[in-house]
Amino acid sequence: MNSLELVNIRKEYGQAVAVSDMNMQISKGEFVSLLGPSGCGKTTTLRMVAGFIAPTKGAIVINGRDVTGLPPYERNTALVFQSYALFPHMTVAQNVGFGLEMRKVGKSERDEKIIEALKRVRLDHLHDRYPRQLSGGQQQRVALARGLVLNPDIFLLDEPLSNLDAKLRGEVRSEIRGLQQALELTTLMVTHDQEEALTMSDKLVLMEAGRVRQAGTARELYEQPADAFVADFVGRSNVIKGRIADGRFVTADNIILPATDARLAEAQFYTVRPEKISLARDGADVEGTLREVLYLGAHTEYTVMLGQTPVTVITPTPGPDDTNAGLRVGDPVGMRWDAASPRLLPK
């Protein structure tokens, strides 16, 4: 049985359609991320699952029960807000126990569950602090504990890491994923951050303009994008416009690109990941002009102009004896990649 199922969910605001006929299934213990640009409908979807927004049509089913018409407190879901939404006048323990108190859980049982939840996020020693006395990462962990303490059927996360700095984001990301796996929580997360979605999720649902563009594992979306939008949004990709001519892909500048996948006669886009390309002094597939070199520590990013099209190449930073170490902006440069690496995509 699926823990969560959305059946033809649609949300309209007047003439505007925020979510269009969405279907989705999440199995028990699965971590699914709704990914997409701002305004694509992912947060609206999350709030419909939580019960804060009523769908215009369709059904929301949790553990086989249709909860579409039920208020939030009857759905046994827990939503961790982007802003944490902690009560400033309450201690950590009081914040975590608030939901239990609203559910009329007795004090002794409530106290036991609060300490257990705080131990899970390693904050039991701060139970008597107030939110203003905590760091951003600690406040986020309190918000997580407040959701965990309810033992929800569906754990909902709304951009949970967006207010943290880069270092904390990585730490809390690992903590959330570890807790989710240890407790086998069925989790639905909203994010616009590709790295978060790729590293945390069992499955991704990429949305755009209220519709699902592609759903699948991180590897499926990265290696087998359904269209140019998916290829461009998930990870980094060179998306080159052109056409198929005589079984080969030809760019707008009439440059022939290597590809074994010439089956799509209607292909208009050629995509290849930057890390699949290497710079070549000899045996190059195509020739271009170096426009930019960015040193990124362990890796170096090159921008090569292929006619009028910029192509990004990411390689391990060359050592002092590497022939690529002496490349300068304006130099002619060759590029080479496996003909099986690109994807030919329709419009």
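These legends walk through a few close-ups of a predicted model.

**View 1. The largest pocket, with Thr-77, Leu-79, Gly-99, Arg-103 and Leu-150 closest to its centre.** There's about 520 Å³ of space in here. The lining runs to 18 residues, and the five in the title are the ones closest to the middle. Three elements each give two or more residues to that lining: strand S6 (77–80), helix H2 (92–102) and helix H4 (136–148). If you're wondering about chemistry, the lining splits into 13 nonpolar, 3 polar and 2 charged residues.

**View 2. The second largest pocket, lined by 16 residues.** Here the space comes to about 290 Å³. Look for Leu-148, Asn-151, Pro-152, Leu-183 and Leu-185, which lie nearest the centre. Helix H3 (residues 107–120) supplies the largest share of the lining, at 4 residues. By residue type, this lining has 6 nonpolar, 4 polar and 6 charged members.

**View 3. Arg-10 and Asp-21, a salt bridge between two strands.** The model has 14 salt bridges, and this is the one where the side chains of Arg-10 and Asp-21 come together at 3.3 Å, N to O. Arg-10 belongs to strand S1 (residues 2–13) and Asp-21 to strand S2 (residues 16–27), so the contact ties together parts that sit 11 residues apart in sequence. How buried or exposed are the two ends? Arg-10 has a relative accessibility of 17%, so it counts as buried, since the cut-off for buried is under 20%. Asp-21, at 34%, is partly exposed. The pair doesn't stand alone, either: salt bridges with shared partners link Arg-10, Glu-12, Asp-21 and Lys-57 into one network.

**View 4. Arg-120 and Glu-116, a salt bridge inside helix H3.** The closest N and O atoms of this pair are 3.0 Å apart. Both residues belong to H3, with a spacing of 4 residues, or about one turn of the helix. Neither end is buried: Arg-120 is partly exposed at 34% relative accessibility, and Glu-116 is partly exposed at 39%.

**View 5. Glu-195 and Arg-173, a salt bridge between two helices.** The side chains meet at 3.3 Å, N to O. Glu-195 sits in helix H6 (residues 194–200) and Arg-173 in helix H5 (residues 166–183), so this bridge ties together parts 22 residues apart in sequence. The two ends see their surroundings differently: Glu-195 is partly exposed, with 48% relative accessible area, while Arg-173 is buried at 17%.

**View 6. Helix H5 and the elements its buried residues pack against.** H5 has 18 residues and spans 26 Å from first C-alpha to last, close to the 26 Å expected at 1.5 Å a residue. Which of its residues are buried? They are Val-172, Arg-173, Glu-175, Ile-176, Arg-177, Leu-179 and Gln-180. So Arg-173, the salt-bridge partner from View 5, turns up here as well, with its 17% relative accessible area. The buried residues of H5 pack against plenty of company: strand S3 (31–35), H3, H4, strand S7 (154–158), strand S8 (187–191) and H6. Just past the end of the helix, check the backbone at Glu-184, where phi is positive at about 55°.

Note on methods:
Residues numbered from 1 in each chain as written. Predicted model: local features only at pLDDT ≥ 70, side-chain atom pairs only at ≥ 80, totals over all residues. Heavy atoms only, no water. 1 Å grid on protein atoms, 1.4 Å probe; cavity = no way out; pocket = protein on both sides within 12 Å on 5 of 7 lines; lining within 4 Å. Points joined across faces, edges and corners; volume = space filled by probe spheres on them. Nonpolar A, V, L, I, M, F, W, Y, C, P; charged D, E, K, R; others polar. Salt bridge = Lys/Arg side-chain N within 4 Å of Asp/Glu carboxyl O. Buried < 20%, exposed > 50% of the residue type's maximum accessible area, 1.4 Å probe, protein only. Expected span 1.5 Å × (residues − 1). Contact = heavy atoms within 4.5 Å.
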